[in-house]
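Trainee: I am new to this structure. Can we go through it by question and answer?

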Amino acid sequence: MEELCGVGAAAPLRGDAEEPKQGSVLFLGGNEVKSSAVVKYSSAPPQAAFARLQEKTDLKLPPANWLRESAKLGPAGTTILGNNKKSKPFSSFGMAYDFIDSVGNDVDVVSDSENIKKLLKIPYSKSHVSMAVHRIGRTLLLDELDIQELFMRSSQTGDWTWLKEFYQRLIDQKWQRKKKSKEHWYQKAILSKFLYYSINGDGAAQPVPSTSKQHQEGPVSGESDEAGRSSWPAPFEMPSSLSEDPGASNQGSVPLEPSYIVGHVASAPKEQNLTTLFNDGENSQGLKNDFVRNILWTFEDIHMLVGSNMPIFGGGRYPAVSLRLRDNNKPINVLTGIDYWLDNLICNVPELVMCFHVNGIVQKYEMIKTEDIPNLENSNFSTKVIKDIAQNILSFLKSNCTKEGHTYWLFKASGSDIVKLYDLTTLCEETEDKYQNPFTMPVAILLYKVACNMMLKKNQNKKHYGTIRTLLLNCLKLLDNGRHPQPSCAFPVCHGTEERCRLVLSYVLEGLKSVDSSVKKEGDLPAADPSTPIPLKYEDESTSGGPECLEKQMALFLDKMGSFQKGKHCSQSGMIPGSWQYKMKLQLILKSSRAYYVLSDAAMILQKYGRALRYIKLALQCHDTYCCLCASMLPEVLVFLCQCLTLCGDIQLMLAQNANNRAAYLEEYNYQTKEDQEILHSLHRESRCQVFAWATDLSTDLECQLSVSCKCYEAAYEILLFSNLKNQNPEQHIQVLKRMGNIRNEIGVFYMNQAAAVQTERLVSKNVSTTEQQLWKKSFSCFEEGIQNFESIDDATNAALLLCNTGRLMRICAQAHCATEGDFKREFSPEEALYYNKAVDYYLKALRSLGKRDVHPAVWDSVNWELSTTYFTMATLQQDYAPLSRKAQEQIEKEVSEAMKKSLKYCDVDTVSARQPLCQYRAATIHHRLASMYHSCLRNQVGDEHLRKQHRVLADLHYSKAVRLFQLLKDAPCEFLRVQLERVAFAEFQMASQNSSAGKLKTLFGALDIMVKAKGAFQLIRKELVAESEQKSKDKSSAENVSPNDSPTGLNKEEVLKLLSIFESRMSFLLLQSIKLLTSTKKKIGGINEEEVVLKTNKQVYSLLLRATANKSMTLLERIEVILNLLEQLAQNNEASNGGIQ
């Protein structure tokens, strides 16, 4: 449809009259019309029962209660009885302000019921129609537009001459205001008296003194034509009294208080802390909701918010009735019938009580159902036509009133069937003063209120931000920044990209400039040059007090926060607290702080930590200024401050963890836009912006950065604590405590690593240095506080991790107390034992904190591994550096055995995980060490045969378990080979104590079998040597220089050579002994053939082995190949001899 802007748009809305259908029209959900009504607000008490007047009652005589307040009717009594003033031209705005949730979304039309009725009577009426139409979202606001009244005002003030000229140019000049006749005032007077009689209760007339006869002749109070004219407000002007003389008069405009623009900052909503800028605007220009009832009326599919003042009474058995007075000599016409029908539909009244009179003398009463009204004699009308005209007009208006914030004029001349629509805003913009439209401020107020209402809804999706921004931009378009700078802060808080935040900040800057320019200069304020950058403080830690200085700065900060709580404020610019400039600047500063916070958070996500610190510094500088100005800190603002400090702590931690990029971060930090500089200059008019400097400076010292991060979290926690906000914001409280626990863990690890580094560098002195001890104490204190933080929020997992780190610290302390490597008297010291046992205690506490593995499997496994390692280390040190000067050998062996078994207990070899090979290697090593210990005990022990036998069994058991576990591993061939060689040595030791040749042969063949089973280890070694050789060939062909000592496979060749030499030696010894025994014995072993085969094979293998060991030119790989070949021959020989040697 063509858009109608500034020109007349004709729309034939007149419907053809239809014969009324037979039958009743259902009030709700009938076949002809569907109507439902919900009362959203009512200032009237429950319906008072009406008194049926006696026949012949003279309504010309006033009752005693006429025009007086009634207890039955409450404060709205005169309005209910029809004595209210003429409806104001902005009545729809008053309703819209009160029911802002409905505007823009759910409701199609907001209007006075009289305007609705006037539109729906168009098919039957020749009267003129003149209404102002405004669009807010999908909602249309309809108000009566009395052009003649405007012209009368224009002749007095000179305003709106443009509209008068346009009207005279385009509209039929014959239409003039008709003066009300004497009969009109007479009818209104007896109606008023009739209604007062109906609530009098006794049904009798009680005439008032003769002095009141004037009421019979003149108009009813408040109904004069002049009284109605005063309801039009003047165009909005900035009153001079705001900035100059409070007592000066403002000619030509209605003086406004500052509260017209600025609401109470202290009552800012929770979600966005927005000031309702125009809270009192409706009061200052008469934009009140004066209707007795506001009704949400659904007519067919049209949803309307309607204001009504119709008197409603109770009627005994009738729950609600409307009361009408009719001249018995004048039949009800169609227009009157439609009036009655629509009034009852809108107010959900099921019946109408009609009182008939003749010359003011009551004749009779008649009860009529609402659905029967369209079928009354002489007033038949089609409800379908009414329904169609409603839908037709709504469609017409929505299709043509398309520009939000524009004022449209819906006009139908008397006697015409054509409805025309004009865009008055476009016409007004063509004049010299485009802000003369009287609807400008009410529309701007409503646009702002609807936008704020959408912003404050928690369930709003981000898709609504575009709508909010459009509403606010349209609001700003309607206002002249020079006349009223206050609305410059009307913009949505950003929730998105940097571009959106930058747009927000541009609006903030415009608003700050407007406020600053309107503040009267008092004294010599510091003249700031907006083009001169304000330096962002950057200081090397060597020139500052270091972490110790933070304590003083934190104390000063918290002291200042306490002064904010006590209501102290100190503006440097001379702004008066409570003025509109003061309130506006508070909100602009808070919005800029939020925008900078979003920018900082976005930069944090992008890992631009220097930029993130710059933005959070600006956010906190804004907040500093806000605190200086604000008389009292709102809980929402304090929560936001906690969020800023928490983010600042996060950024400082990230800067500490990414020290390698410090140069790039410094460059990001020092960059400033002109917009940021100008905002800072505006802030510096109010404060020095240094309260949060301790938190936002970019340090070069790692320890200082970690300390600053910790202090940020501590400050956020303190604010939540002393302002009693932690219970109202449990999630924020938990997040702050979690971060405090985390940063204390980071600082604890930092000091622990420093202590370990000092320990490594300590070469000469055997004593623990004072520096180390101080670092231990700092680290332990941080871990302890962090554990308390996590335990206070029942975070068992993180508490367990910190307990685990404390255990690691105890192990570092234990390592620091060991003697130097070169000390031949080295023994496992009591201090080492003390700290290792403390480490065990912390690891066990960590396991108790978790409770079971299901809570966090990864952490559970990690703690178990560390606990196993601690026990293993203790056992190893006791075994390798036995404290024989303090303990007996047997006690040491017992303690080693117990520690090794506990280490095995916490070493999970069965669970499939990345750590499983490590666990298997650890368990194999433990079994190997235990076997070696028992082997050593067996060799050194004399006497107790039972104990010797026990040690022999235990040694054999642990050797077997070690072998089984090492065989599972594919990367420990040397360890496997070493265990097998110890088993061979164990067999040799047993053979030395044997006397019989058969026993010795059995042990010999068992030892040879052990050596044969070592074949797998040699195969792994050969595989790695071949891979290494191939890699060297590839590197040589690609002309790469590779060091000859490098081994890409990680094989320790020196260890392999050592083990191979031992293996060759022991194999040679066993073969020689077996040859001697087999040759000298006379006993036949499984027959002559088997004995000869074994002896022959052993001799052949022994001969080859001797030749190979004698050849010094053989490479390691060649020697391995020889051993594998010999072991293969022995393996076949063993299979043949299994049945012969028992």
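Trainee: Over which residues at the start does pLDDT stay under 50?
Mentor: This is a predicted model, and pLDDT is the predictor's confidence in each residue. The model has 78 contacts beyond four places in sequence for the stretch in question. The stretch where pLDDT stays under 50 is residues 1-31.

Trainee: How many contacts does the stretch 534-545 have beyond near neighbours in sequence?
Mentor: Residues 534-545 also have a pLDDT below 50. Beyond near neighbours in sequence, the number of contacts in the model is 28.

Trainee: Which element of the protein chain has the highest mean pLDDT?
Mentor: The mean pLDDT of the protein chain is 77, and 75% of its residues reach 70 or more. Among the elements, strand β1 (residues 11-12) has the lowest mean, 35. The highest, 94, belongs to strand β3.

Trainee: Which helix gives the most to the largest nonpolar core?
Mentor: That core has 124 residues, and those touching the most other members include Leu613, Ile651 and Trp776. The helix that gives the most, with 15 residues, spans residues 635-657 and is α19.

Trainee: How many residues are in the second, separate core?
Mentor: Leu981, Leu1004, Leu1127 and Ala1131 are included in this second core. Its number of residues is 70.

Trainee: Why does Cys919 have no bond to Cys907?
Mentor: Cys919 is buried, with a relative accessible area of 7%. A disulfide needs cysteine sulfur atoms within 2.5 Å. The sulfur of Cys907 is the closest cysteine sulfur to that of Cys919, yet it is too far for a bond, because the distance is 4.2 Å.

Trainee: How many disulfides does a search of the whole structure find?
Mentor: A disulfide is a covalent bond between the sulfur atoms of two cysteines. For the whole structure, the search result is 0.

Trainee: What span should helix α10 have, at 1.5 Å a residue?
Mentor: Helix α10 covers residues 334-347, which is 14 residues. The expected span is 1.5 Å times one less than the number of residues. The distance between its end C-alpha atoms agrees with the expected value, and both are 20 Å.

Trainee: How many residues of α10 are buried?
Mentor: Buried means under 20% relative accessible area. Among the buried residues of α10 are Tyr340, Trp341 and Leu342. The helix is mostly covered, and of its 14 residues the number buried is 11.

Trainee: Which residue in the hairpin of β12 and β13 takes a positive phi?
Mentor: The two strands run antiparallel and are joined by 4 bridges, with Tyr408 opposite Asp423 in β13. The hairpin has 5 residues between the strands. The residue with a positive phi, near 80°, is Gly415.

How values were computed: Residues are numbered from 1 along each chain as its sequence is written. This is a predicted model: local features need pLDDT of at least 70, side-chain atom pairs count only at pLDDT 80 or more; totals for chains, interfaces and linings use all residues. Side-chain values use heavy atoms; hydrogens and water are left out. Two strands pair if DSSP finds at least two bridges between them. A nonpolar core is a set of buried Ala, Val, Leu, Ile, Met, Phe, Trp, Tyr and Cys residues joined through side-chain atoms within 4.5 Å. Buried means under 20% relative accessible area, exposed over 50%, partly exposed in between (1.4 Å probe, protein chains only). pLDDT is the predictor's confidence in each residue, from 0 to 100. Contact means heavy atoms within 4.5 Å.
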